[in-house]
Amino acid sequence: MYLTPLFLFPLIGIINVIFISRKNPSLLKKSALGWSLLTLLFFLIMEIAFPANYGFSFLKDFNWITNNNWNWSWGPVLFAIDGISCYFIALTLLLTPVCILVSWSSIRFLIKEFLIGLLFIEILLIGVFTTLDLLLFYILFEGILIPMFIIIGVWGSREEKIRAAFYFFFYTLVGSLFMLLCIFQIYSLTGTTHYLTLLSIELPLNLQWWLFLGFFFSLSVKIPMIPFHIWLPQAHVEAPVAGSVLLAGILLKLGGYGFVRFSFPLFPQASEFLSPILILLSLIAVLYGSLTTCRQNDMKRLIAYSSVAHMGLVTLAIFTHSVEGLLASLFLMIAHGFVSSGLFMGVTVLYDRHHTRAIRYYRGVAASMPIFACITLFLTLANIAFPSTCNFIGEFFSLLAALQYSTWSGIVACSGVILSAVYALYFYNRVFFGSLSPLIKFNRDLNRREFQSLSPLITLTLGLGLFPNIILYGMLLGTYTTVGST
């Protein structure tokens with residue numbers, strides 16, 4: 001009853017966009033924006049009226065595949081929301097209208113197809129975060145590849161966009177094949193792929209290791225972890241601004257969500273046994289991502305490599321197997337979705353005006369764009385986990401979980417936080433301070449649409465940093481369910 005409109009509103013939006021003439025691009029954008037905002041509004045009303053309690057709520061199930069002649073069906077397939085998935089759904093529903101707003105003037109051809117792609121991705125992401133069936137999760141998980149491949153390959157900004165699209169597609173597709181094989185093995189062993197049923201079944205230990213590794217290869221490409229990160233900088237650099245916002249804001253979180261939702265509860269012994277190796281890989285990601293970010297000259301590539309470092313903190317927190325670590329990973333993923341999306345939008349503001357993302361060409365932007373300089377300073381400070389921002393809460397809990405696990409892992413993680421301050425402040429100082437560069441002498445500040453696109457991200461970053469309990473309680477209930485199931 002309550003989940004159906006979440007899928008129905010974007011679907012109606014797609015149908016509405018299809019029947020609007022291409023000769024009226026303004027109406028196309030307003031229609032897509034209106035339906036995406038309506039979906040967000042309905043979800044907020046639903047969560048306020050019926051707050052998430054312990055366990056899963058808003059359950060809806062149906063028989064997916066049926067054969068009356070053989071009296072056989074695949075199901076019931078269950079959809080539900082809990083204290084973990086509801087915040088990722090909210091992030092998805094928030095960033096979709098933001099993507100439409102930031103692409104308002106930059107997408108000038110095939111506008112109808114672009115808007116349909118965004119709304120279709122929104123439907124798939126809602127399904128990913130609500131389904132409790134392993135096979136359907138895999139199908140929706142991989143279904144996102146197709147519209148994202150088209151968005152990067154068709155509306156990308158530079159000549160290498162086709163190569164970047166294929167990087168993204170084949171890396172994630174090949175990695176996910178291991179998950180599909182593991183799902184088949186689970187079904188042949190237990191006769192079900194129903195998540196709640198599998199929680200009550202203890203899989204053999206020797207089989208758990210292989211199943212965990214299969215899920216790990218698939219999910220680590222999505223996050224991405226070292227050394228499965230090669231596709232990320234290339235895809236970010238070539239993707240349009242909406243593609244970068246979706247990648248950084250939501251799609252990178254699919255791997256972390258999969259670890260928390262499936263890998264840890266279904267394969268607890270294997271997860272515990274292999275956690276030292278995974279924590280080592282996470283620490284390498286934090287250091288390597290931070291050091292590599294320090295030497296980047298392209299703004300988008302700099303933010304992309306910083307995402308690798310921050311996602312290293314997320315996986316580090318997850319595999320400490322503590323409540324603090326699970327809370328830290330969830331909170332940091334939400335915070336990173338706000339801040340990294342805002343930074344990519346800020347880079348696009350400069351690129352739209354000067355058609356270059358090379359840092360060496362910029363100097364003294366604050367003199368001609370004071371409002372933009374203040375907003376970017378706030379996002380930069382949030383990216384280095386400055387107190388009073390939501391990133392500070394996530395990174396604080398991550399470092400706490402790392403120190404509880406091992407003193408040395410906490411020290412290495414802290415060094416990554418220090419390096420993040422180095423590259424972030426260097427970037428801001430190089431671009432915004434100093435004498436005015438002749439390349440940006442005739443510049444203009446943010447217009448109304450650009451300011452409106454960034455405003456909700458800034459508000460939530462500051463609001464959740466000052467009042468983290470708004471979402472921490474729901475996350476705590478979700479993590480308690482996950483820990484209790486193991």
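This passage walks through the aromatic pairs, the nonpolar core, a helix contact and two single residues of a predicted model.

Aromatic rings are a good place to start, since the structure holds 27 aromatic pairs. A pair of aromatic rings is described by two things, the distance of the centres and the angle of the planes. Take phenylalanine 88 and tyrosine 257: their ring centres are 5.6 Å apart and their planes meet at 70°, so this pair is edge-to-face, the label for angles over 60 degrees. Phenylalanine 88 belongs to helix α3 (residues 85–102) and tyrosine 257 to helix α12 (residues 253–266), so the pair ties together parts that are 169 residues apart in sequence. Both phenylalanine 88 and tyrosine 257 are buried.

Phenylalanine 372 and phenylalanine 432 make another pair, this time with centres 5.7 Å apart and planes at 45°, so the pair counts as tilted. Here too, distant parts of the chain are linked: phenylalanine 372 sits in helix α17 (residues 370–383), phenylalanine 432 sits in helix α19 (residues 407–432), and 60 residues separate them. Phenylalanine 372 and phenylalanine 432 are both buried. Rings can also gather in groups, and one aromatic cluster is formed by Phe178, Phe212, Phe216, Phe217, Phe259 and Phe319.

Some rings have a charge for company. The charged end of lysine 222 sits over the ring of phenylalanine 141, at 4.6 Å from the ring's centre. In a similar arrangement, arginine 357 lies over the face of tyrosine 351, 4.8 Å from the ring centre.

Next comes the nonpolar core. In soluble globular proteins, nonpolar side chains tend to be buried together. The largest nonpolar core in this model has 164 residues, and the members that touch the most others are Phe129, Met148, Ile152, Phe267 and Val431. Helix α15 (residues 323–354) gives the most to this core, namely 16 residues. What does phenylalanine 129 touch, leaving aside its neighbours within four places in sequence? The list is Ala80, Ser85, Phe88, Ile89, Thr92, Ile250, Leu254 and Tyr257. Two names there are familiar, as Phe88 and Tyr257 are also the partners of the edge-to-face pair.

Helices meet one another as well. The axes of helix α10 (residues 231–238) and helix α11 (residues 241–251) come within 8 Å and cross at roughly 145°. On the α10 side the contact is made by Trp231, Ala235 and His236, and on the α11 side by Ser244, Leu247 and Ala248. Sorted by type, the residues of this contact are four nonpolar, two polar and no charged.

Two single residues round off the picture. Leucine 140 is found in helix α5 (residues 134–143). Its relative accessibility is 14%, so leucine 140 counts as buried, a label for values under 20%. Beyond residues up to four places away in sequence, leucine 140 touches Leu124, Gly127, Val128 and Thr131. Leucine 124 is 16 residues from leucine 140 in sequence, with 5.7 Å between their C-alpha atoms.

Glycine 337 lies in helix α15, the helix that gives the most to the largest nonpolar core. Is glycine 337 buried or exposed? Its relative accessible area is 0%, so glycine 337 is buried. Setting aside neighbours within four places in sequence, glycine 337 is in contact with Leu91, Leu95, Ala248, Gly249 and Lys253. Of these, Ala248 also takes part in the contact between α10 and α11.

Note on methods: Residues numbered from 1 in each chain as written. Predicted model: local features only at pLDDT ≥ 70, side-chain atom pairs only at ≥ 80, totals over all residues. Heavy atoms only, no water. Axes fitted to C-alpha atoms, helices over the stretch in contact; angles between N-to-C directions. Helix = DSSP H or I, 4+ residues; strand = E, 2+ residues; numbered from the N terminus. Contact = heavy atoms within 4.5 Å. Nonpolar A, V, L, I, M, F, W, Y, C, P; charged D, E, K, R; others polar. Phe/Tyr/Trp six-rings, centres within 6.5 Å; stacked < 30°, edge-to-face > 60°. Buried < 20%, exposed > 50% of the residue type's maximum accessible area, 1.4 Å probe, protein only. Lys NZ or Arg CZ within 6 Å of the ring centre and 35° of its normal. Core = buried A, V, L, I, M, F, W, Y, C linked by side-chain atoms within 4.5 Å.
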